[in-house]
Amino acid sequence: MVFEYAPAPESRSIVSIAPEYGLFIDGGFTAPVDDQLFTTTNPATEEVLSRVSEAREHDVDRAVAAARRAFEQTWGPMPGAERAKYLYRIARLIQERSRELAVLETLDNGKPIKETRDVDLPLVAAHFFYHAGWADKLEHAGYGPSPRPLGVAGQIIPWNFPLLMLAWKVAPALACGNTVVLKAAETTPLTALAFAEICQQADLPPGVVNILTGAGDTGRMLVEHPGTDKIAFTGSTDVGRSIMRAVAGTDKRLTLELGGKGANVVFDDAPIDETVEGIVSGIFFNQGHVCCAGSRLLLQESVADEVVERLKERLSTLRLGDPLDKNTDIGAINSAEQLARIDELAKSGEEENAERWSSPCPLPDRGWWFPPTIFTGVTQAHRIAREEIFGPVLSVLTFRTPDEAVAKANNTPFGLSAGIWTEKGSRILWMAQRMRAGVVWANTFNRFDPTSPFGGYKESGFGREGGIQGLGAYLATEVAR
Ligand code: NAD
Ligand code: MN
């Protein structure tokens, strides 16, 4: 007997979206200028949600100048214990407004409400609480007796976890005494603008946080601006490369969090039910728009058929549709461009003779959607085994021995995340030592905590965010380099 779910939509009445937004500079919003506006859309319905401003050269100038003034006059000289109060205040305001922010994020991004409500927002608040705790204890963080801030940080974030990526960037920067100019991603600017209001509510001194909206060009201007002391970027490896070229020869500090092609390695002694759940959350969480997704599944040959069968059964039960419905597991693809990229790579998998299976779930008529999909018969030569798809598509490979698993897992230009599924603790440690990945999860996947550093090797970038290690990215100390 199969029960149908009744619709359980979260109300959007808690959110009020202005028809137009200016830029948040020096503690206030600029007036929206008509020829500077671009739209942001709900990817589940294609409804235009609002029009936001594209920051141009003089806007970037003003934002950087405001951040510089705040660094020199208010935030820089302020004792850490005072900075901490502001960060705690911001954290509490985020908690108070978390339902509103979760709905807003779901509307603008397309991810399911159960994820924004239960994952994104709690982690956003946790990042501010955690870093508030550090603000007055930096001399005990291992960066010398009086670690100094860098100055003005230019920060550029992607669309897959809009508010969470903002928190990862802003919280450590402010805790360490820096001021920031942050550029939100072009398809998901609304929660960053809501955060600007929260800065006002918290009475944060003007210029400490400046929020710019705009596309790649705005990001480039921020990177190239001579007034920024540090650039922190999360996004694609290609853009990461261009940023690295742009800051070469300057004395700007740089951290890059780029793409990934994480291996999720399953041994024949892994507990199968848990493992299947872990594989699902590893690649289908957030529609696979996750840089550290477990997008390459490596199965020990003796259990491969069974795991794939169980996985297909499980995927057939996932509910795809209205992201605001509390029962929805898979939301919308963030943009038409991203959907085209996923389609193109999935087609390449078929053309290169991997076997495609897609969940039979119906897709809504409007909006951008892609069903949970598995490719079996994938070899290391396939594009879908080498390139980041950034969508709900899993490539399955097999192995026979632990050595072969390590070799295959590491056979990638990336090095962000990896997973190990086995009952043996000794094997977990043996594998973890050999995996070239910044994060290795064992018998779990996609777990995040502000106390734990996150970052990559190789083409996944460099520098760490979170934990004591993440503080080093915002402090002027040789130890941190
Ligand atoms: P993208 O690199 O095109 O965009 C990311 C951000 O950079 C956006 O705000 C964009 O406007 C800005 N940008 C674009 N061109 C720029 C330029 N020349 N100079 C400065 N800024 C510029 O990435 P995308 O395709 O929108 O996002 C998906 C990618 O991001 C994936 O490859 C994914 O792996 C990666 N990502 C990585 C992490 C991580 O933590 N490592 C997290 C999320 C996403
Ligand atoms: Mn949007």
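These legends accompany close-up views of a predicted model.

**View 1. Two domains and the face between them.**
The domain assignment splits the protein into domain 1 (20-258 + 460-476) and domain 2 (263-450). Domain 1 is thus written as two stretches of chain, 20-258 and 460-476. The C-alpha centres of the two domains are 30 Å apart. At the contact, 22 residues of domain 1 meet 25 residues of domain 2. On the domain 1 side, α3 (98-109) and α4 each contribute at least two residues. Helix α4 gives the largest share of that side, with seven residues. By type, the domain 1 side has eight nonpolar, nine polar and five charged residues.

**View 2. The shell around ligand 1.**
Ligand 1 is surrounded by 28 residues. The closest are Gly216, Gly219, Gly235, Glu257 and Cys291. Two elements, α7 (216-224) and α8 (237-247), give two or more residues to this shell. Helix α7 provides the largest share, four residues. The shell holds 13 nonpolar, ten polar and five charged residues. Where does ligand 1 lie relative to domain 1 and domain 2? Both domains give residues to the shell, so ligand 1 lies between them.

**View 3. Helix α4 against helix α5.**
This view shows α4 (residues 113-134) beside α5 (residues 162-175). Two packed helices are described by the angle between their axes and the distance between the axes. Here the axes come within 9 Å and cross at roughly 5°. Angles under 35 degrees count as roughly parallel, so α4 is roughly parallel to α5. From α4, the contact uses Asp120, Leu123, Val124, His127, Phe128, His131, Ala132 and Trp134. From α5, it uses Leu163, Leu164, Ala167, Trp168, Ala171, Pro172 and Ala175. The contact residues divide into twelve nonpolar, two polar and one charged. Helix α4 also supplies seven residues to the side of domain 1 that touches domain 2.

**View 4. The buried residues of helix α1.**
Helix α1 spans residues 57-75. Its buried residues are Asp59, Val60, Ala63, Val64, Ala66, Ala67, Ala70, Phe71 and Trp75. What do these buried residues pack against? Their partners are four strands and a helix: β1 (24-25), β5 (152-156), β6 (179-183), β7 (209-212) and α7. Helix α7 also gives four residues to the shell around ligand 1.

**View 5. Asn446, a buried loop residue with positive phi.**
Asn446 sits in the loop between β16 (439-442) and β17 (461-462). Its phi is positive, about 55°, although Asn446 is not a glycine. Is Asn446 buried or exposed? Asn446 counts as buried because 20 C-beta neighbours lie inside 10 Å; the cut-off for a buried residue is 20 or more. Setting aside residues up to four places away in sequence, Asn446 touches Ser281, Gly282, Phe285, Val290 and Cys292. Asp403 is 43 residues from Asn446 along the chain, and their C-alpha atoms are separated by 24 Å.

**View 6. Asn286, buried in a loop.**
Asn286 belongs to the loop between α9 (272-284) and β11 (296-300). It is buried, with 24 other C-beta atoms within 10 Å. Beyond its neighbours within four places in sequence, Asn286 contacts Lys111, Glu115 and Asn160. Phe161 is 125 residues away along the chain, yet the C-alpha atoms of Asn286 and Phe161 are separated by 8.7 Å.

**View 7. Leu339 on helix α11.**
Leu339 is part of helix α11 (residues 336-351). Leu339 is partly exposed, with 18 other C-beta atoms within 10 Å. That count falls between the limits for exposed, 12 or fewer, and buried, 20 or more. Apart from neighbours within four places in sequence, Leu339 is in contact with Ile333, Trp368 and Phe370. The C-alpha atoms of Leu339 and Phe390 are separated by 9.5 Å, with the two residues 51 apart along the chain.

**View 8. Asn353, an exposed loop residue.**
Asn353 lies in the loop between α11 and β12 (355-358). Phi of Asn353 is near 70°, a positive value in a residue other than glycine. Asn353 counts as exposed because it has 10 C-beta neighbours inside 10 Å, and 12 or fewer is the cut-off.

Definitions and conventions: Residues numbered from 1 in each chain as written. Chains lettered and ligands numbered in written order. Predicted model: local features only at pLDDT ≥ 70, side-chain atom pairs only at ≥ 80, totals over all residues. Axes fitted to C-alpha atoms, helices over the stretch in contact; angles between N-to-C directions. Parallel < 35°, antiparallel > 145°, perpendicular 65-115°, else oblique. Contact = placed C-beta atoms within 7 Å. Nonpolar A, V, L, I, M, F, W, Y, C, P; charged D, E, K, R; others polar. Near = placed C-beta within 6 Å. Domains from an automatic or database assignment.
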